[in-house]
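Work through these exercises with the sequence and the 3D view side by side. Try each task before reading its solution.

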Amino acid sequence: MSLVQEKQIAITVVSRAANLAQSVFKKLVNAETVTKKDKSPVTVADYSCQSLISLLLSKAYPNDPIVGEEDAKDLRQPTDESKQLKNRVVDLVNAELSKPQAAGEADDLELGVTRSETELLDAIDRGTFEGSAKGRMWCLDPIDGTKGFLRGGQYAVCLALLIEGKVELGVIACPNLPVDPSKPDGPRGVVFGAIKGQGAFQRPISETNGPLSKISMNSITKESIAQASFCESVESGHSSQGDSANIAKELNITKEPVRMDSQAKYCSISRGDGDIYLRLPVSASYEEKIWDHAPGRLLVAEAGGKVTDIHNKDLDFSLGRTLKNNKGVIVAHESIHGDVIKAVQKVLNVA
Ligand SMILES: Nc1ncnc2c1ncn2[C@@H]1O[C@H](COP(=O)(O)O)[C@@H](OP(=O)(O)O)[C@H]1O
Ligand SMILES: [Mg+2]
Ligand SMILES: [Mg+2]
Ligand SMILES: [Mg+2]
């Protein structure tokens, strides 16, 4: 599938949202964070980025449904707190929308024009689609790693296009990831992406008209597996760190794991900053959300890697908003994925 136009649009909208999120971070105040029912945080940036991306996507593809993490319920409450939050979202999205189209950005998105409050809230609620195995749908995590965003660490703006339940295009912007990993204190902000069958790429977010450079994972072998480095979540509640330490031991890996929030983990290993990403189940009941994995899964696959669950099954994105038929996520180069799975299954005592 060519998806050339979709790719350019996805890069444009995700990069715009990344700029918006960075501007929010610089002036975020406590009142702009809400705690959801499951105790996870959602900020004015999560709502604003979902509104911006969903609005622009629906200009380009009015018939495509969107599975997005957030909804506008909390912004539509008649309380003062809620009105304040809503006004901030409207102002922030309009500030980004009113910037004219830059060189290299996609045409036909009507950039440079502000929108009404109704349009911006309705755009957020376009993300309430329940998911499907049929036709086209977009999958959006406006800020992945909200906790990382709040602590000034890694976070990502994540967008994927699924067709017949399969990820065909994925784009992820990581505003706090170094452009050059060998210069961790150098410029930051990288957009990553992949189309199925066409390889994976990266580009600095700020270079809207710059070339996309091809990326690939480190080519690690069974013999060199002990040299591999692990990547895992910062949050011990999202992945079992005790189990991952035992898996590392099983594989004779001695390097300390690199902990970072968000799908920046998929991006890092796709360009060879790390080798293995483990997300090991902590609770029997948690179902992974499709927006936490859809673009990352394609990016890694196009960079030479393999992504399965702990049972070595493919991730199934066609069953609704969660990966209800999968448990955990195991990511490694194709050549060592089987060995990693063996170690995972031994330590977790599963087959
Ligand atoms: N108990 C749990 N187990 C696994 N993932 C969880 C979880 N609770 C929340 N998450 C998800 O973990 C994501 C962050 O992943 P990571 O730990 O890799 O940074 C969150 O995304 P958001 O930050 O978009 O809400 C959220 O969807
Ligand atoms: Mg969240
Ligand atoms: Mg997320
Ligand atoms: Mg999120």
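Four exercises follow, each with a worked solution.

This is a predicted model: local features need pLDDT of at least 70, side-chain atom pairs count only at pLDDT 80 or more, and totals for chains, interfaces and linings use all residues. Residues are numbered from 1 along each chain as its sequence is written, and chains are lettered from A and ligands numbered from 1 in the order in which they are written.

**Exercise 1. Describe the overall build of the protein chain.**

Step 1. Take the secondary structure: the chain has 9 helices and 14 strands. Both are DSSP runs numbered from the N terminus (helices are H or I, at least four residues; strands are E, at least two).
Step 2. Check compactness. The radius of gyration is 19 Å, close to the 20 Å that the globule rule gives for 351 residues, so the chain is as compact as a globular protein of that length. The radius is taken over C-alpha atoms, and the rule is 2.2 Å times the number of residues to the power 0.38.
Step 3. Box the C-alpha atoms along the principal axes: roughly 60 × 45 × 40 Å.

**Exercise 2. Split the chain into domains and describe their contact.**

Step 1. Domain 1 spans 3–214 and domain 2 spans 222–348. These bounds come from an automatic or database domain assignment.
Step 2. Their C-alpha centres lie 24 Å apart.
Step 3. The contact takes 34 residues from domain 1 and 27 residues from domain 2. Contact here means C-beta atoms, placed from the backbone, within 7 Å.
Step 4. On the domain 1 side, strand 6 (166–178) gives the largest share, 6 residues.
Step 5. By class, that side has 19 nonpolar, 9 polar and 6 charged residues. Ala, Val, Leu, Ile, Met, Phe, Trp, Tyr, Cys and Pro count as nonpolar, Asp, Glu, Lys and Arg as charged, and the others, Gly among them, as polar.

**Exercise 3. Locate ligand 1.**

Step 1. Count the shell: 17 residues surround ligand 1. Each has its C-beta atom, placed from the backbone, within 6 Å of the ligand.
Step 2. Pick out the closest: Gly 145, Thr 146, Ser 233, His 238 and Asp 261.
Step 3. Strand 4 (136–144) and helix 5 (146–150) each supply at least two shell residues.
Step 4. Both domains give residues to the shell, so ligand 1 lies between them.
Step 5. The shell has 2 nonpolar, 8 polar and 7 charged residues.

**Exercise 4. How do helix 2 and helix 4 cross?**

Step 1. The axes of helix 2 (residues 44–60) and helix 4 (residues 117–125) come within 8 Å and cross at roughly 90°. Axes are lines fitted to C-alpha atoms, for helices over the stretch in contact, and angles run from 0 to 180 degrees between N-to-C directions.
Step 2. The two helices are therefore roughly perpendicular, a label for 65 to 115 degrees.
Step 3. Residues of helix 2, including Tyr 47 and Leu 55, meet residues of helix 4, including Leu 120 and Ile 124.

Note on methods. Parallel < 35°, antiparallel > 145°, perpendicular 65-115°, else oblique. Contact = placed C-beta atoms within 7 Å.
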